[in-house]
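Trainee: Could we go through this one together, bit by bit?

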There are 2 protein chains.
Amino acid sequence: MTVNSVPAEITTLCAALAEGTRWEILTALGSEDLSASDLARALPVSRQAIAKHLQVLESAGLVERTRAVPESTSGSVRYHAVGAPLARLAAQLETIGRGWDRRLATIKEVAEAREKD
Amino acid sequence: MTVNSVPAEITTLCAALAEGTRWEILTALGSEDLSASDLARALPVSRQAIAKHLQVLESAGLVERTRAVPESTSGSVRYHAVGAPLARLAAQLETIGRGWDRRLATIKEVAEAREKD
DNA sequence: GGTGGGTGCAACCCTATAGTTGCAGTCATC
DNA sequence: GATGACTGCAACTATAGGGTTGCACCCACC
């Protein structure tokens, strides 16, 4: 019953990924760079809603503003999806889940061994 | 900008994993089988709050009721954490993230190639 | 200079949900 | 049979968060 706390990044990332609209944003930004207005045009929500989601995603590290290209001084801010946080999260979840299942396997083995005698 | 929808299991699992209290429950149930009352005693929340969390976790497949042991007919219901959903989620997140990063790498390559001439 | 596209901030609904208390039922033990 | 431990359901509060509208600003272009 040791309540060893889980890294805060896990809950932050999971919270960011627990929303359908944010996944639509992410998959869109995973295939091309887009601005908030672009996304608002493609999705059935307002630009301000998109902006809030982008804020959440950016602070979770799942999205980055593409570096302000000097060629276009236009105010348009474009975003793209970043995979590294997903990879880190996946690795952590995988090891955690493996630990749980190993414990269950051990219990099962013990039970079977006791069954034999 | 193809808005290809993401499997519902992903958002369900992420939502279940986006909560600190649920992680405390999960880590506890990952190291030993416990009942709702046990958890309520170990954590600073009421038993009913625990029960609600267990319901969420169970419907996400992250937790299972240990089969009613015939040796003890007591009404106590014990739970344990299940790792398989975490493994599935990890695999999906990993491939998704890899796709995003591959695209970024390609863009970078193209930019560098253009830089050369 | 006016107009249109893009951005940011703030106030505001409204639903979902984490948490609580309270009560009823069930099973063991004394 | 009464007491205590466990479970389940229901009502309620309160906060977070997804979504909206509205306004102000900046920059480009006509």
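Trainee: Which of the 19 residues around DNA strand C come nearest?
Mentor: Here a residue is near a strand if one of its heavy atoms lies within 4 Å of it. Of the atoms of DNA strand C that come within 4 Å of the protein, sugar and phosphate make up 57%. Out of the 19 residues around the strand, the nearest are S37(A), R47(A), S46(B), K52(B) and H53(B).

Trainee: Good to know. Where did the model come from, and how is stuff labelled?
Mentor: It's a predicted model, where local features need pLDDT of at least 70, side-chain atom pairs count only at pLDDT 80 or more, and totals for chains, interfaces and linings use all residues. Residues are numbered from 1 along each chain as its sequence is written, chains are lettered from A and ligands numbered from 1 in the order in which they are written, and side-chain values use heavy atoms, with hydrogens and water left out.

Trainee: How far is the side chain of R47(A) from a base oxygen of DNA strand C?
Mentor: We're after a polar contact, a pair of N or O atoms within 3.5 Å (within protein, one must be able to donate a hydrogen and the other to accept it, and residues adjacent in sequence count only if both atoms are side-chain atoms). On the R47(A) side it's an N or O atom of the side chain, and the distance to the base oxygen is 2.8 Å.

Trainee: And which residue has a polar side-chain atom 2.4 Å from a phosphate oxygen of DNA strand C?
Mentor: T21(B) also points a polar side-chain atom at a phosphate oxygen of this strand, but at 3.3 Å. The one at 2.4 Å is H53(B).
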